Amino acid sequence: MSDLEAPCDQRGRRFGWTTLFKWKSFKTRQKEHDENVQKVIKRLKQRNPSKDGLVCTARKPWIAVGMRNVDYKRARHFEVDLSAFRNILEIDKERMIARVEPLVNMGQITRVTVPMNLSLAVVAELDDLTVGGLINGYGIEGSSHIYGLFSDTVVAFEIVLADGTLVRATKDNEYSDLFHAIPWSQGTLGLLVAAEIRLIPVKEYMKLTYQPVVGNLKDIAQAYCDSFCPRDGDQDNEEKVPDFVETMVYSPTQAVCMTGKYASKEEAKKKGNKINSVGWWFKPWFYQHAETALKKGLFVEYIPTREYYHRHTRCLYWEGKLILPFADQWWFRFLFGWLMPPKVSLLKATQGEAIRNYYHEMHVIQDMLVPLYKVGDALEWVDREMEVYPIWLCPHRMFKLPVKTMIYPEPGFELHRRQGDTQTAQMYTDVGVYYAPGPVLRGEVFDGAEAVRQMENWLIENHGYQPQYAVSELSEKNFWRMFDAGLYEHCRRKYGAVGTFMSVYYKSKKGRKTEKEVQEAEQAHLETAYAEVDQPAD
């Protein structure tokens, strides 16, 4: 076990027994990394395309944090073991880059960087989310209104291609097309073995302001927008834009907008300032603590930075209330709060198929990525069709890139000069819908699959996106209506992924996959039936 993997308690302190282990130097980690990469290359070259199935990692399906069933591994496949890729390889303070392996998780990396007054530009809230999942899939945080999604903060990918070639892809080298195609590709273009990710300087505390909002859903959407988007359009002004933003909508008429600014230890400890260490196991769950602003009005407090990053971990946002309904009670938090949260992987491993399917039908875990100016419409749609509360709102920039990637801003957005938009990026928002719908809680009929289909149609009509970790009802035709296939399919063919790695749609598709279906789907991608494949721009 390396020093960078040493486990800590929720407040970030290393357990004493870890000192019994010899700490590994960066040089030793790099040597191990190089050896492990060679093992992956050797394994890929052992594959016989005429006999072996398509390439998949050897990671067990239940380990993934996402709620989508990993049914594609039910088909015959050729496993490549990436389980050794879980080290932080380097923290380069001069370049402000962290070079990490794909199984490094958020808890692990903040444990190392925050004591250095450094952090990834975007730190996803839950401890167990891994770098590989956030790059190949989707990752967001309250700082994404500045830096974009997690994948937007990566400056280089190290990828093993289908033929065993190791390449380093950046935005301006010979593999720039691959660099732009990797995000959202679900590992279907190659095997990610390392990434270089942007670091930013941070301070010891987060000064967090809780602002209650009362009104209809359109009023709430406007208040949320005003909390981080100057009406004069000066979106890049650090004095006018907070470092962190999120809003929680508790009902159709009530919400709390939270904005954070990094603060020094000296500022936080000034007389009269309140410090709240939300990471202690006995503390109220964060979403319930924030809700108190609806009764006591606006208030400000200082939270230790690392504890703020992982504020939603103990209660899994508010899903913990469904998993253990009494776990938010003071007596449980005091006696057993240190046990929280239950591991998502453990919950998935112990679920039978019937329970899992029931959960999909009677429960919602979805993120709707929508343009900022359509947040009010999205909130009204969720209230009308799903009636799920609380709702999480988190903004992120969608950058205008030199090539059209799987997700992209609305064409011509910069001409409208809407609140939050700049000439180089359109402001989007993640509308997080996580809980049992109102009809289910009341014992009424609810068709979960149909509700998700309607949500997907609404997103397609409104230039929105559905992250692929979630359960999807999209047909292949609608999948490629939501996402753009051009650059992705170009890279699939150019780098030999077709016939080696499963396509991203089929990997995300709901339901069991037989070997015959997998092969037929791959053959169909040689002559794409639904997507119009555009060549990427020069």
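A pocket is an open set of grid points, on a 1 Å grid over the protein atoms alone, with protein on both sides within 12 Å along at least five of seven lines. In this predicted model, the second largest pocket holds about 630 Å³ of space. Its lining comprises 26 residues, and those closest to the centre of the pocket are S151, D152, F179, H180 and L401. Several elements contribute to this lining: helix 4 (144-147), strand 6 (154-160), helix 5 (176-181) and strand 14 each supply at least two residues. Sorted by class, the lining of the second largest pocket has 17 nonpolar, 5 polar and 4 charged residues.

Strand 14, which helps to line that pocket, deserves a look of its own. This strand spans residues 391-399, and because 8 of its 9 residues are buried, strand 14 is largely enclosed by the rest of the structure. It has an antiparallel neighbour in strand 10 (residues 244-251), to which 3 bridges join it. Here M248 has W392 of strand 14 as its bridge partner. Strand 15 (residues 425-435) also runs antiparallel to strand 14, and 9 bridges join these two. W392 turns up again in this pairing, standing opposite G432 of strand 15.

Attention now moves to the charged side chains. Side chains of opposite charge can pair when their charged atoms come close. The structure holds 23 salt bridges. One of them joins K218 to E380, with the closest N and O atoms 3.9 Å apart. Since K218 lies in helix 6 (residues 217-226) and E380 in helix 15 (residues 375-385), this pair ties together parts that are 162 residues apart in sequence. Both partners fall in the range from 20% to 50% that counts as partly exposed: K218 has a relative accessible area of 39%, and E380 is at 32%.

A buried example is found at strand 10. The side chains of E246 and R311 meet in a salt bridge with an N to O distance of 2.7 Å. E246 sits in strand 10 and R311 in the loop between helix 10 (305-309) and helix 11 (320-323), so that distant parts of the chain, 65 residues apart, are linked. The cut-off for buried is under 20% relative accessible area; E246, at 0%, therefore counts as buried, and so does R311, at 5%.

A further salt bridge brings together E410 and K374, at 3.8 Å from N to O. E410 lies in the loop between strand 14 and helix 16 (413-416), and K374 in the loop between strand 13 (364-371) and helix 15, so the pair ties together parts 36 residues apart in sequence. E410 and K374 are both buried. Elsewhere, salt bridges with shared partners join E125, E141, E246 and R311 into one network.

Aromatic rings supply another set of contacts, with a count of 29 pairs. In one of them, the rings of Y210 and F286 have centres 6.3 Å apart and planes at 45°, so the pair is tilted. Y210 belongs to strand 9 (residues 205-214) and F286 to helix 8 (residues 286-291), which puts the linked parts 76 residues apart. Both of these residues, Y210 and F286, are buried. Y317 and Y434 form a tilted pair too, at 5.3 Å centre to centre and 50° between the planes. With Y317 in the loop between helix 10 and helix 11 and Y434 in strand 15, the pair ties together parts 117 residues apart in sequence. Y317 and Y434 are both buried. Finally, ring pairs link Y138, W184, Y408, Y428, Y465, F479, W480, F483, Y488 and Y505 into a cluster.

Definitions and conventions
Residues numbered from 1 in each chain as written. Predicted model: local features only at pLDDT ≥ 70, side-chain atom pairs only at ≥ 80, totals over all residues. Heavy atoms only, no water. Buried < 20%, exposed > 50% of the residue type's maximum accessible area, 1.4 Å probe, protein only. Helix = DSSP H or I, 4+ residues; strand = E, 2+ residues; numbered from the N terminus. Pairing = 2+ DSSP bridges. Salt bridge = Lys/Arg side-chain N within 4 Å of Asp/Glu carboxyl O. 1 Å grid on protein atoms, 1.4 Å probe; cavity = no way out; pocket = protein on both sides within 12 Å on 5 of 7 lines; lining within 4 Å. Points joined across faces, edges and corners; volume = space filled by probe spheres on them. Nonpolar A, V, L, I, M, F, W, Y, C, P; charged D, E, K, R; others polar. Phe/Tyr/Trp six-rings, centres within 6.5 Å; stacked < 30°, edge-to-face > 60°.
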